[in-house]
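Let's take a walk through this protein, one charged pair and one strand at a time. Have the sequence and the 3D view open as you read.

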Amino acid sequence: MWFSLANSLDVNACAGAVGGWLPLSFTTYASRWLTLLISKQKQHKWEWFRSMERDMVQTNLIYKTQRKVARLPKHLFSQGGQDRSQNMTLSHTVCPPQWDQSALPDIGFKLVQLSYTSQEYGKIKKLFEKTMKDYCILQLQRIQNPALWQVFQWQKEQMKKLNKSKWVDERLLFHGTSLSHVSAICEQNFDWRICGTHGTMYGKGSYFARDASYSHEYCSSHNGRYSMFVAHVLVGDFVQGNPEYLRPPPRASNSNRLYDSCVDDPTDPSIFVIFEKHQIYPAYIVEYSSEAQCRDNQGYCRC
């Protein structure tokens, strides 16, 4: 039996399912297949499978990619199966203490500009300037998206349980993109389905870099100004990437467990490929330009 959080199973209700967060709770004791045709362009077709022996899996029937699907906790449902999730409020969402509590949207995201004197600003500035000596930050904005943050924290806990550890390798990494994608990423996270826009040397996933200079190569300029993401990324246990990978390969010690990410060099990784968007939280937008242009436009450079 399936209980849907949406009022009806329409295209809009299924939009979240495309990204892997299927807001359905089920109590079936038999294997079951559910096939959905959910793209308005009818280009994406998915299968959902769950049995008593394994987690629920989402399969793209065209590209053959697979991913685990998160289920809503049972405590959000009454004994009669009635959905109680709508009673949830942001007060139940644990947000980082430095977030602006007056800028927590019920849905979507809000951008909060950081003061250049803050410790948070200084931390990102230091990371950025390691490889971007000739560029100047114009502004740094924090992305506050409670829904994405909650899913990211859930994913972190799952990885800890799987690894039987209290720790998972999490890093602040850069991602360059065009300005046209910025708002959608802030709202919906990085989309693994459009991977390959700039190459797939280490796998068909979302690419993140240790060095801002690498990500800069994929940033588009608008009147001399660039925008780059800084993201929290759960890189976990990684392995050498391969352009044929649609997901990380199985671990040698356990063929039922996949690696968490792929990299360019396992001994000293600088490029990470993530196949599960729940392992990513887009945290900041760095707006910057060349140091020379900063001086031309402002008469000084806050570098």
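Start at D237, which counts as partly exposed at 33% relative accessibility. Keep in mind that what you're looking at is a predicted model. The side chain of D237 meets that of R251 in a salt bridge, 2.7 Å from N to O. D237 sits in the loop between strand 11 and strand 12 (238-240), while R251 sits in the loop between strand 12 and strand 13 (261-263), so the pair ties together parts that are 14 residues apart in sequence. R251 itself is buried, with a relative accessible area of 12%.

Now zoom out for a moment. The protein has six helices and 15 strands, and buried residues make up 46% of its 303 residues. If you take the contacts between residues at least 6 apart in sequence, 68% of them join residues at least 24 apart. The surface it exposes comes to about 16,500 Å², with carbon and sulfur atoms supplying 50% of that.

The D237 pair has company, as the structure holds 10 salt bridges. Have a look at R225 and E287, whose closest N and O atoms are 2.3 Å apart. Here R225 lies in the loop between helix 5 (212-216) and strand 11 (226-234), and E287 lies in strand 15, so this salt bridge ties together parts that are 62 residues apart in sequence. R225 is partly exposed at a relative accessible area of 36%, whereas E287 is buried at 14%. Elsewhere, R210, D211 and D268 are linked in a network of salt bridges.

Stay with strand 15 (residues 280-290), where you'll also find S289. S289 is buried, with a relative accessible area of 1%. What is S289 in contact with, leaving aside its neighbours within four places in sequence? The list is Y135, C136, L138, G224, R225, Y226 and C294.

Y135 leads us on to strand 8, which pairs with strand 15 in the antiparallel sense over seven bridges. Within that pairing, the bridge partner of Y135 is S290 in strand 15. Nine of the 10 residues of strand 8 (residues 135-144) are buried, so this strand is largely enclosed by the rest of the structure. Strand 8 also pairs with strand 7 (residues 110-113), again antiparallel, over four bridges; there, L111 has I143 of strand 8 as its bridge partner.

One last stop is R142, which forms a salt bridge with E120, with 2.7 Å between the closest N and O atoms. This pair links distant parts of the chain, with R142 in strand 8 and E120 in helix 2 (residues 119-129), 22 residues apart. Both R142 and E120 are buried.

How values were computed
Residues are numbered from 1 along each chain as its sequence is written. This is a predicted model: local features need pLDDT of at least 70, side-chain atom pairs count only at pLDDT 80 or more; totals for chains, interfaces and linings use all residues. Side-chain values use heavy atoms; hydrogens and water are left out. Helices (H or I, at least four residues) and strands (E, at least two) are DSSP runs, numbered from the N terminus. Buried means under 20% relative accessible area, exposed over 50%, partly exposed in between (1.4 Å probe, protein chains only). Contact means heavy atoms within 4.5 Å. Two strands pair if DSSP finds at least two bridges between them. Accessible areas come from the Shrake-Rupley method with a 1.4 Å probe; for residues, only the protein chains shown count as cover. A salt bridge is a side-chain nitrogen of Lys or Arg within 4 Å of a carboxyl oxygen of Asp or Glu.
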